[in-house]
Amino acid sequence: WIGATDVGAEGRWRWVVGPEGCPASYNTDVTADPYLRAACDIGVQTGEQGFCHGTQCDEGTLFWTGLASGAAEPGQFSHWAWGEPNDAGGEDFMHSRWNYEWNDYPGYLWSQITGFVCEWGGVGELCVGDAGVARDQLFVTELNECEASCATCEADVCSAAGQTCEDAVRDIEHLSDWKCVCPAPQSGEAMLATAACYQDECVHGGGNDQCVSAGQTCSDPNTAAGVWGDFVCTCPFPQSGTATGAAAACTQDECVHGGGKDQCVKCVHGGGNDQCVSAGQTCSDPNTAVGVWGDFVCTCPFPQSGTATGAAAACTQDECVHGGGNDQCVSAGQTCSDPNTAFGVWGDFVCTCPAPQSGMATGAAATCVEEECREGGPLKNACDAFGQDCEDPSTKDGDAFCKCKPPAEQTQVGRAVDSCDWDECITHSDTCAAAGQVCRDDNLGSAPTWVCDCAGKQTGTPGQQEPATCVDPPGDCTVHGHKCHDMGQTCDPLDDPHDDVFECGCTPPSTGAVMQGGPTTCTLDECTTVCASCQQHDANSEPICPAGQTCEDPDTTPAAVHDWKCVCDAPATGMKIAHAAECSRNECEGMCATCANSVCTDAGQTCVDEDPKSLGTWTCTCIPPQTGAGAGKAAECDEDECKTNDAVCMAAGQSCIDSDLRTPGTWECVCPPPSTTRAVAGAAECETNECDNEEVRRRCQAVEQECKDVDAKEPDTWEC
């Protein structure tokens, strides 16, 4: 109901509440006869008066005239549903549907309206209910009884006892519904008073630790807060024994449970019950006819699987169906396999990454990588198209590159190299230098194109991939030039008319002072000449070393070529002769406030640098049994508590589920179907309503009776 009606005059729809509603002069004495005003407001049936009618309710703001084909009054808003209003069966009151569209509705079905929106203030000020109470008193903002603060107020009653105040329904119609709740790990609550708190040691405390770790069940006879050490550990069936305040010393009497009962008593009671029950399994006999023996069936308890006829079953449990395998692998979009499904073998499930990714891990979700240079992959195809090699140096995404074929060594990350030009003199200059000549490569894009060219004042035709045939100038070099050439040096006659006047000079790129009358001493520092792979060049073509590497030439004699090396600057390590080095730096080594190793160790985790050749590749890894890793930060560790507490659930024939791997104490024992009962941090008391069984329910219905299960915790307790 939203405050509009045409009950006063059919087809004349008016707002009858709030500022646009019935005038204040109409029936202002609501105490004398509140139902008349109620009839104008909401059209409820009002005893002898009946519904309001005639001009009595044809007051208030007119906003629509006619049926669905009618029209809104000028300046008035309307939001009728399609085909409404239609006055079907005498519909005189407007209500809002779930999608906020308007519909006209009959007054005699007022009880089916689930609520109302009432505007008040101004002309049609009051909204009167069927008890004569002004409805504007019901429209107040939220009232939280726990927000008060005084000596006798609810919030102080609870806080004075160290407890928390909670208000279930926060409005003025629901007063005195607050309660005090005990702080964790205590339990207990009380309405309108301080709660009597208790603490179950089997949930929080030594009971859970000592009993469960020994595979025993725990009970706490006195859970009052402050009463400690009275928990009782009980041995699991078929063992016997209890102890207070510590794990029990368990015994097993074979005459009660075991071989004694099986072999001695089976002639009377049958092997089925002995063999199945003693193994913690259920027994069923498909043929109970006298004389039919050995056909009983043992069935493993949930979540185990397995059956056997005439003997206890060999139970298995596939972690990929029930357990951590399904949770961790499937949630990561990976496939799960359990190589050993024997009961009690946990944590050996294997998560495998989906193609084209690769990677697998045991006992946790795998770290998946995608081989970027795989056959048919986009990068491999791009490299192949230009005759280049594809290399992927690590499992890190985005670091694969195309590399030119030797001797060229250019690379380009993520795509083909634009140009594989290569100066062949880097590898062949020694051939020319040995003859006192200079190596020159005029076509870097093709091979072989290098030549040896005459140096100094010698002349001759360049040699194609071999020393040139050079001639000394006229003068003393014609006679004495071999003294220079034999040392790989040039000869200069100096244009001096005197005999025996000549100079030996160093052949580029070697350097040294000239020597008159004989060979000089030359040096060749390849770090300033030919080590192009290690060095880059600035705008003035001067060689400079790349960041993080230094060039060293251990032997600067002209004959010692290609011995230069790139050495990584500390703390990085690495060196390579005649090439740029591949530097490595383990970021997990070293200790400082912000170092990778400190970040991990401060969190009780292990630091691992997966790619020492790159920066920012370290991760913090959780220490087992926890799992998880954080790239460049401390990890958020997960721990499946079912790995250590599963025995508690299994002993009760239940399955273990840990729905929150990051919060301790959240594991639950879940009863096998059809029961839906579960319990946190302990075995559940399973309840099954046998009346939910269709066969049982049908038997009662056949005699027109109802089915009732008087004890959902016990079997065969249903009755008609």
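I'll start with Ala68, which is partly exposed at a relative accessible area of 36%. Keep in mind that this is a predicted model. Ala68 sits in the loop between strand E3 (61-65) and E4. If we set aside neighbours within four places in sequence, the contacts of Ala68 are Gly83, Glu84 and Pro85. There is also a C-alpha to C-alpha distance to mention: Ala68 and Asp87 lie 9.4 Å apart in space, with their positions 19 residues apart in sequence.

One of those contacts, Glu84, takes us to the salt bridges. The side chain of Glu84 forms one with Arg97, at 3.5 Å from N to O. What does this pair tie together? Glu84 is in the loop between strand E4 (71-72) and E5, and Arg97 is in the loop between strand E5 (93-96) and strand E6 (102-105), so the bridge joins parts that are 13 residues apart in sequence. As for exposure, Glu84 counts as buried at 10% relative accessibility, while Arg97 is partly exposed at 32%.

How many salt bridges does the structure hold? The count is 14. I'll go through some others.

Take Arg440 and Asp442, whose closest N and O atoms are 2.8 Å apart. Arg440 is partly exposed, with 30% relative accessibility, and Asp442 is exposed, with 60%.

Next, Lys713 and Glu685 form a salt bridge in which the closest N and O atoms are 2.6 Å apart. Lys713 belongs to the loop between strand E43 (708-709) and strand E44 (718-719), and Glu685 to the loop between strand E42 (678-680) and helix H12 (694-702), so this pair ties together parts that are 28 residues apart in sequence. Is each partner buried or exposed? Lys713 is partly exposed, its relative accessible area being 43%, and Glu685 counts as exposed at 54%.

There is also a network of salt bridges, which links Glu375, Lys380 and Asp384.

Now the aromatic residues. The structure has 7 aromatic pairs. One of them is Trp15 with Phe63, which is stacked, with 4.6 Å between centres and 20 degrees between planes. Trp15 is in strand E2 (residues 12-15) and Phe63 in strand E3, so the pair connects parts 48 residues apart in sequence. Trp15 and Phe63 are both buried. Which residues do ring pairs link into a cluster? The cluster consists of Trp13, Trp15, Phe63, Trp64, Phe77, Trp80 and Trp102. Strand E3, which holds Phe63, is also the strand that comes before the loop of Ala68, where I began.

Last, helix H11, residues 642-651. Its buried residues are Cys642, Asn645, Asp646, Val648, Cys649 and Met650. An α-helix has 3.6 residues a turn, so residues three or four places apart point the same way. What do the buried residues of H11 pack against? Their partners are helix H3 (206-213), strand E40 (655-658) and strand E41 (667-670). Just after the helix, Gly653 has a positive phi of about 70 degrees.

To recap the pairs with their spans: Arg97 and Glu84 connect parts 13 residues apart, Lys713 and Glu685 connect parts 28 residues apart, and the stacked rings of Trp15 and Phe63 connect parts 48 residues apart.

Note on methods
Residues numbered from 1 in each chain as written. Predicted model: local features only at pLDDT ≥ 70, side-chain atom pairs only at ≥ 80, totals over all residues. Heavy atoms only, no water. Salt bridge = Lys/Arg side-chain N within 4 Å of Asp/Glu carboxyl O. Helix = DSSP H or I, 4+ residues; strand = E, 2+ residues; numbered from the N terminus. Buried < 20%, exposed > 50% of the residue type's maximum accessible area, 1.4 Å probe, protein only. Contact = heavy atoms within 4.5 Å. Phe/Tyr/Trp six-rings, centres within 6.5 Å; stacked < 30°, edge-to-face > 60°.
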